[in-house]
Amino acid sequence: MSDLTKTVSDSSLTHLAIIMDGNGRWAKRRGLPRVAGHQQGVEAVTRIVDECVRSGIRFLSLFAFSSENWGRPQQEVDALMGLLLQYLSSQRQKMLSEGIRLKVIGDRNRLSEMVRTALADAEKETSQGQSLTLVLALSYGGRDEIMRAAKKIAQDALDGQLDIEQLDNKSFSAFLDTGDIPEPDLLIRTSGEVRISNFLLWQAAYAEFYFTDVFWPDFDAEELHKAINVYQQRKRRFGLTEDQVGLAIKESND
Ligand code: IPE
Ligand code: IPE
Ligand code: MG
């Protein structure tokens, strides 16, 4: 079976990616400070991680803090970093017992030493996890990631370790932070915004998009399954014709 045949005939949801948006508006509607929305947002993260483990999803990528979010008021940035540290320590036991493997993508150099250490420790401790790979996008921007990959490639070429002629989509992908992670199948964005905001620009080339008005703190297992049901009705073609896709599915079933 060719790679493309395998891709078009596989309708399973291996990698779910989520742009968790709307914490601030959720709080504002209730007359609460934005940070209260972020706190509830962490509760939603815990719920959705649990549901993904239960549903047998292998990869969950969560956009938690973008390279552009550094421009927010310092107090909000500090609160978000504090919540991240709390999350890591409160989930440690569960991650280990449930086989959840943590992987961080993004520019770690901009994170504080304390956050970097906590992340590296959690990644190391959970590295043997076999159920869900939880990909946290922190200080992450798709353009920044592609640019960092391009710099690494250029350096390897200058050092004589890489033949530019051999570079293709697959070997380029390996230089991204997502390295060995499969591309997202479904990308959900909450809160009614209909944009990608610099998330997984390269990787989402053929992802299915799902937008909901629900604010992230209100997102729950029921909303997740609504999105998954919609995804399962979608017809992914990857540039091929409907007939070719039909044939590929038939071949893979034979
Ligand atoms: C998403 O919620 C969380 C982060 C970006 C860290 P927002 O904080 O963007 O919430 P809104 O969009 O202002 O409502
Ligand atoms: C995207 O949300 C980043 C995260 C969810 C972490 P933003 O709220 O930062 O995006 P914009 O500014 O509405 O595009
Ligand atoms: Mg937002």
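1. In this predicted model, helix α2 makes the greatest contribution to the shell around ligand 1, supplying three residues. Both α2 (23-29) and α3 (34-55) provide at least two residues of that shell. The surrounding residues include Met-20, Asp-21, Gly-22, Asn-23, Gly-24 and Arg-25, together with Arg-34, His-38 and Arg-72. Sorted by class, the shell comprises three nonpolar, five polar and four charged residues.

2. Oxygen atoms of ligand 1 are approached by both side-chain and backbone atoms. A polar side-chain atom of Asp-21 is 2.8 Å from a ligand oxygen. Backbone N or O atoms also take part: that of Asn-23 lies 3.2 Å from an oxygen of ligand 1, and that of Arg-25 lies 2.7 Å from one. On its own, ligand 1 has 380 Å² of accessible area, and the protein covers 87% of this.

3. Ligand 1 occupies the second largest pocket, which holds about 720 Å³ of space. Its lining consists of 32 residues, with Met-20, Asn-23, Phe-63, Ala-64 and Phe-65 nearest the centre. Two or more lining residues come from each of α2, α3, β2 (59-66), α4 (74-98) and β4 (133-140). The lining divides into 16 nonpolar, eight polar and eight charged residues.

4. The largest pocket contains about 990 Å³ of space. Of its 28 lining residues, Asp-3, Thr-7, Pro-182, Glu-183 and Phe-238 lie nearest the centre. Helices α1 (3-9) and α7 (169-173) each provide at least two lining residues, and α1 gives the most, with four. By class, this lining has eleven nonpolar, nine polar and eight charged residues.

Methods
Residues are numbered from 1 along each chain as its sequence is written. Chains are lettered from A and ligands numbered from 1 in the order in which they are written. This is a predicted model: local features need pLDDT of at least 70, side-chain atom pairs count only at pLDDT 80 or more; totals for chains, interfaces and linings use all residues. Side-chain values use heavy atoms; hydrogens and water are left out. A residue is near a molecule or strand if one of its heavy atoms lies within 4 Å of it. A polar contact is a pair of N or O atoms within 3.5 Å; within protein, one must be able to donate a hydrogen and the other to accept it, and residues adjacent in sequence count only if both atoms are side-chain atoms. Accessible areas come from the Shrake-Rupley method with a 1.4 Å probe; for residues, only the protein chains shown count as cover. On a 1 Å grid over the protein atoms alone, a cavity is a set of points where a 1.4 Å probe fits but cannot get out, and a pocket is an open set with protein on both sides within 12 Å along at least five of seven lines; lining residues have an atom within 4 Å of a point. A molecule sits in a cavity or pocket if more than half of its atoms lie within 2 Å of its grid points. Ala, Val, Leu, Ile, Met, Phe, Trp, Tyr, Cys and Pro count as nonpolar, Asp, Glu, Lys and Arg as charged, and the others, Gly among them, as polar. Grid points are joined across faces, edges and corners, and a volume is the space filled by probe spheres set on the points.
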